Amino acid sequence: MQSRMMNIVGTIFIALNQWLQVILITRLLGLYEVGLYSYFLALTAPLVLFARFSLSRLVPTQTKLSYDYAIFRQFRDITNYGFIVTAVAAMIFIDLNFYESMCLFVFILFKYYENKEEFIYTENISESRISFLASSKIYKSILTMILFTIAIVIFDSLLMAMVSLFISQVLIYYFYGLKFTYSPGKPVVRLNSGDFKKIFALGIGLSLVEVLASLVSNVPRYMLEYFHSVEILGIFATIMYFALITNNIVFALNEGFIAGLAQQARQNIRLFYKSFFKICGVFLGLIAVGEVVLILFGNDILVLVYGEEFMGYQLEMLLLGVLLFFVVYTKLFEMALNVLNLYTPQVVMQTITFIATIVLSAAVIIPYGLPGAFIVTISTYGLLMLGQMVILLHHWKYKVSI
């Protein structure tokens, strides 16, 4: 229990670390730079998720193949090199000046080492070493906060900020993470083409779900950057960090609920639904309090965090309040679907949501800009939540005797 609580604390540290980065870039460098940073995140996120290939969920459950960790590590190395090649190719074809390209290149190197560290997380999840995950997240967050702040304050440069992220990641990987790896640096057993195909076939479904989910979140960002400006994207990204932190907190809390709910689902499905609806009720009360705060003080909070140039975005903060409701409940319903092992319907729903995001973004963001981006995001989250509810109701009707 203590390890799980520490993992929740570590997850919150990671979220605060990311938020601090956005605050410092916004206040000390400006809207263009924070928009550029958000564009880097949006550009690399789908590539990163595909390179990781959902091994954190695949490896702990692969009882059929019974591969050694070294085999999966070699598979990850191949996908990670693929990430580097694809990301650099994208960087070449994107319209960036030399300085911006250098920033993106360093950011790609940072993500490369983050992927390597994430596989060590995967090994430790499989071995139920939650304490390592918690401590690693906390140490990494503290180190990154310190170096990132120093880089921004002293050098006043986005490039040096990216370099600080890279240095923090390399330090935590080599001087801490590698001590807890289970796979040898030079494995005796080598990955062959047959093993690669089996692992690829096993994980491609989960990987595509994560990539589609990432694209659903990032298509509005691509549209804002292309049809409006990097500065508008920066405003959208900074406000959306309130939603990101909410998402991370709910995700961390779900990690504490999911084991108990899974046990209840195996023993008595009606007891599972009863407990799940209680959790939904508690979150509804918290959301109601949050909505009141945003209605009364939303723009004041925005100005306090990011500065005077964010005055006058009351409408966007109200839209954020609506969005937070859907963010919380889509994450809760996703937890319920995972507990019930309902994975295939999620692939279908993410595909439908992705198509809807593209259509809505073209129809709404191009003419309406920033408010349009919030409307699209709310609509796609609402569509996803509706689909999740339909799947759960279908399960209730046909799998539960009332």
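Trainee: In this predicted model, which residues does Tyr222 touch, leaving aside those up to four places away in sequence?

Mentor: Tyr222 touches Tyr39, Ala42, Leu43, Pro46 and Leu215. Each counts as a contact because heavy atoms lie within 4.5 Å. Tyr222 itself has its place in helix H8, which covers residues 193–227.

Trainee: Why is Tyr222 called partly exposed?

Mentor: The relative accessible area of Tyr222 is 24%. Buried means under 20% and exposed means over 50%, with partly exposed in between. The value for Tyr222 falls in between, and therefore the residue is called partly exposed.

Trainee: How far is Tyr222 from Leu158 in space?

Mentor: Their C-alpha atoms are separated by 20 Å, and the two residues are 64 positions apart along the chain.

Trainee: Why is Cys103 called buried?

Mentor: Its relative accessibility is 0%. Buried requires a value under 20%, so Cys103 meets the definition. Cys280, with a relative accessible area of 8%, is buried by the same cut-off.

Trainee: How many disulfides are found in the whole structure?

Mentor: The search finds zero disulfides. A disulfide would need a pair of cysteine sulfur atoms within 2.5 Å, so no pair in this structure meets that condition.

Trainee: What makes the nonpolar surface patch, and where does its largest share come from?

Mentor: The patch, of about 660 Å², is made by Leu28, Ile142, Ile146, Ile150, Val153, Ile154 and Phe155. Helix H6, residues 130–155, gives the largest share, with six residues. Ile146 is found in this helix.

Trainee: Why does Ile146 count as partly exposed, and how does its value suit a patch?

Mentor: Ile146 has 47% relative accessibility, between the limits of 20% and 50%, so it counts as partly exposed. Residues of a patch need over 30% relative accessible area, and the 47% of Ile146 satisfies that requirement.

Trainee: How do you know that the radius of gyration of the protein chain agrees with that of a compact globule?

Mentor: For 402 residues, a compact globule would have a radius of gyration near 21 Å; the protein chain has 21 Å, so the two agree. The C-alpha atoms fill a box of roughly 55 × 55 × 40 Å along the principal axes. Of the 402 residues, 52% count as buried.

Trainee: How many helices and strands are there in the protein chain?

Mentor: There are 12 helices and zero strands. Among contacts with a separation of 6 or more, 83% join residues 24 or more positions apart.

Key
Residues numbered from 1 in each chain as written. Predicted model: local features only at pLDDT ≥ 70, side-chain atom pairs only at ≥ 80, totals over all residues. Heavy atoms only, no water. Patch = residues over 30% accessible without salt bridge, like charges linked within 9 Å, V, L, I, M, F, W, Y side chains within 5 Å. Areas by Shrake-Rupley, 256 points an atom, 1.4 Å probe, with all protein chains shown as cover. Salt bridge = Lys/Arg side-chain N within 4 Å of Asp/Glu carboxyl O. Helix = DSSP H or I, 4+ residues; strand = E, 2+ residues; numbered from the N terminus. Buried < 20%, exposed > 50% of the residue type's maximum accessible area, 1.4 Å probe, protein only. Rg over C-alpha atoms; globule rule 2.2 N^0.38 Å.
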